[in-house]
Amino acid sequence: MKAVAAVRAQPSPQPADAAASRRRRREAGPADGSLGNHNDAPLMKRHRPAAPATTAATTQAIDLSVIDRRCRDAIRDGDLDGALDDAVVMYRRKPESALGYLRATQIFLTKGMTEAASKILAIAFKKVDTNDPKYARLVDLRLSLSTEAPKGPSASKRAPEKTSAASEQLDVPTAESPASPPNSAVFGAFQLPAELVLAILRRLPFVDRCRCLGVSRALRALVASDRGLWTELDFGAARSARVTDRAVAAVLGRAGASVRAVRLGGCVRLTRAALRPLSSPRRPLLRELVLAGASKIGGEDLADMLVGALGGGGGGGGGGAGRCALEVLDLSGTNITTAGLVRVLGVTGRLRRLVVARCGRLTAEVFTGATLPAELEAVDVSETAAGDAALAALARACGGSLRSVEAVRCRALGARGLAALRRCPRLCVLRCSWAGGVTADAAGRRELEAALLAVAAGASAGDSGSGGGGGGLEVFAAAGLPGLTDAAVAGVAGLSAGLRELDLSSCAHVGDAAVMAVSRRCGSLRRAVLARCPRVSEAGLAALAGGCPRLRALDVSENPDAMSDSVLRTVATHARELEELRLAACGRVTGAGLVAFAEELSRATPTAAPEHQQPGPSLPRRLLKLLDVSFCDGVGVDTIRRLAALLPGTKIASRKA
């Protein structure tokens, strides 16, 4: 311990009263008989007169916390010689503990002996157990010595950085990033370059990066030093219901103006305090903002914060639209009002996707009078009061760029609003299920058919070579429309050769004619939902399976007369890419038919594997992931076991009434 001997050459001054007090305490010995002197430490014999001896048994029974308490008192009183003796005793009593090394290093740093402190730490990393509670402190000291040399005795007396938990599960600091980030980080006995550690951190999810802030001061400083780690703030990947205002505010304050994405979907506990830092400073680089489910924030407060963050000023109008880079805005489930949304849209001139589903305070004229972005591509107004006037205003302002319109369960939406979408030549996604303004009488059916044909014709008339739409509808969801007929579906299918998803569930007037028209004209169909369609029979399903070989999902639930064993054989033969089959409450399906269906899938020829792969067991061409046979009276327990044996990688749902 040459480093220990070197300290003796630099005696430290100490106050007279403190020195006298400590001398009387040591000469008298402890009242409990512990640590009377350090006879087992030869180093201390050379620097202090012998005190009353203690037995070896008493010395071995000494608690390190008692020695450490006296060592800290000595350091505070300036008695570095006595403190160093106590540190040596702690080291000798328990070499695998970090306590003695920490106190010795602190003394060396107080004396300004950085080299001696480094040597003590090198010994500590060889002997201290990594599970020791103080091991992280050793890592911090080693990193501080490698990045910043102490200048004098006051170097070790700096107050440690105060940290605060930003939420119950995320430890997010509120302090700003350090001016001089560390150039390395210590992980156990390994010291890695900062560039390598940052490259690893960039590949971690955002929530894991936040947890790294609570590991040690060294890693905390490294994470906080790189602004690139704080450009995409995704709280939705965590247990979002537990994210608090303090966590969000702390992270937003750390990210500064460089943040590009803020995702707070499902964070239902947030209030206006969480988003207050969002508006100061202004976020000119923000491209994605997701606030879905933030229902505790008032509508006008939310609009004020969004305008402040995106436009830097108040009021509506397009004055700030050119400066805002926001492209995705999700306000679903919030209390945003029509007036507030108009103000927000006035400063988002580059917006491409807008989601305001389940916003109960929006009115039927939500987009009337608003300055809508000319580049808007996708809009979701599901479960709101948006009606015909809203869709008409949307089509007038953004018809040339609009590609996706979702208006599910809009009670004020009717055929006139749908007909307004004929001005959208790039439209490829239309979801208008359960529109409340559609009627089932003869006039309502004719009006709905004309509107859907106009929309499909407008979508197919666009330039398909321009990229992204223009070749007809790709997704058409019209579930629960009372006025939908076979002629309307056949007309849409005839104008949408690239249709990939079709949802006609709960359409009482759709039958085999519509399904056969889809099978003839939409060969690339991937998903078909025909649940609760009483007019669809075996012939229609057989034609669909034979005409759509790329079908991956088929739902014919609650059609007692549609699916049978013969149709199952047709599906197994032709739909070789099937991944999901729902047959709930199909009374004509039997156990024997399902077993034959599973055997046909298991006998299917597997796709050719690459030459570098080893040949494996025989698998179906496309693994069936889900088979729902719930409430099928002809399917018993033995059939379920047989299916599980034939299709080992398939989830089989078999609920019973």
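Is Lys119 buried, exposed or partly exposed? In this predicted model, Lys119 is partly exposed, because its relative accessible area of 48% falls short of the cut-off of over 50% for exposed residues. Its salt-bridge partner Glu115 counts as exposed, at 58% relative accessibility. The side chains of Glu115 and Lys119 meet with a nitrogen-to-oxygen distance of 3.9 Å. Both residues belong to helix 8 (residues 114–127), where they are four residues apart, about one turn of the helix.

**Overall make-up**

The chain has 657 residues, of which 51% count as buried. It contains 25 helices and 17 strands. Among contacts with a separation of 6 or more, 77% are between residues 24 or more positions apart.

**Salt bridges**

The count of salt bridges comes to 24. Three of them are set out below, with the closest N-to-O distance for each.

| Pair | N to O distance |
|---|---|
| Glu115 and Lys119 | 3.9 Å |
| Arg272 and Asp301 | 3.6 Å |
| Arg416 and Glu447 | 3.8 Å |

The salt bridge between Arg272 and Asp301 has its closest N and O atoms 3.6 Å apart. Arg272 lies in helix 14 (residues 272–275) and Asp301 in helix 15 (residues 299–310), so this pair ties together parts that are 29 residues apart in sequence. Arg272 has a relative accessibility of 42% and counts as partly exposed. Asp301 is partly exposed as well, at 26%.

In the third pair, the side chains of Arg416 and Glu447 form a salt bridge at 3.8 Å. This pair links distant parts of the chain, with Arg416 in helix 18 (residues 415–419) and Glu447 in helix 19 (residues 442–460), 31 residues apart. Arg416 counts as exposed at 64% relative accessibility, whereas Glu447 is partly exposed, with a relative accessible area of 37%. Elsewhere, Glu232, Asp234, Arg263 and Glu288 are joined into one network by salt bridges that share partners.

**Helix packing**

Two packed helices are described by the angle between their axes and the distance between the axes. Helix 5 (residues 64–77) and helix 6 (residues 80–93) pack at an angle of about 160 degrees, and their axes are 8 Å apart. Angles over 145 degrees count as roughly antiparallel, and helix 5 and helix 6 are therefore roughly antiparallel to each other. The crossing of helix 5 with helix 6 is left-handed. On the side of helix 5, the contact is made by Leu64, Ile67, Asp68, Arg70, Cys71, Ala74 and Ile75. Helix 6 contributes Leu80, Gly82, Ala83, Asp86, Ala87, Val89, Met90 and Arg93. By class, the residues in this contact are 10 nonpolar, one polar and four charged.

Helix 21 (residues 512–521) and helix 22 (residues 538–547) form another packed pair, with axes that come within 8 Å and cross at roughly 10 degrees. Since angles under 35 degrees count as roughly parallel, helix 21 and helix 22 are roughly parallel to each other. From helix 21, Asp512, Val515, Met516, Val518 and Ser519 take part in the contact. They meet Ala539, Gly540, Ala543, Leu544 and Gly547 of helix 22. The residues of this contact divide into six nonpolar, three polar and one charged.

Key
Residues are numbered from 1 along each chain as its sequence is written. This is a predicted model: local features need pLDDT of at least 70, side-chain atom pairs count only at pLDDT 80 or more; totals for chains, interfaces and linings use all residues. Side-chain values use heavy atoms; hydrogens and water are left out. Axes are lines fitted to C-alpha atoms, for helices over the stretch in contact, and angles run from 0 to 180 degrees between N-to-C directions. Helices (H or I, at least four residues) and strands (E, at least two) are DSSP runs, numbered from the N terminus. Angles under 35 degrees count as roughly parallel, over 145 as roughly antiparallel, 65 to 115 as roughly perpendicular and the rest as oblique. A crossing is left-handed if the near helix is turned anticlockwise from the far one by less than a right angle, and right-handed if clockwise. Contact means heavy atoms within 4.5 Å. Ala, Val, Leu, Ile, Met, Phe, Trp, Tyr, Cys and Pro count as nonpolar, Asp, Glu, Lys and Arg as charged, and the others, Gly among them, as polar. A salt bridge is a side-chain nitrogen of Lys or Arg within 4 Å of a carboxyl oxygen of Asp or Glu. Buried means under 20% relative accessible area, exposed over 50%, partly exposed in between (1.4 Å probe, protein chains only).
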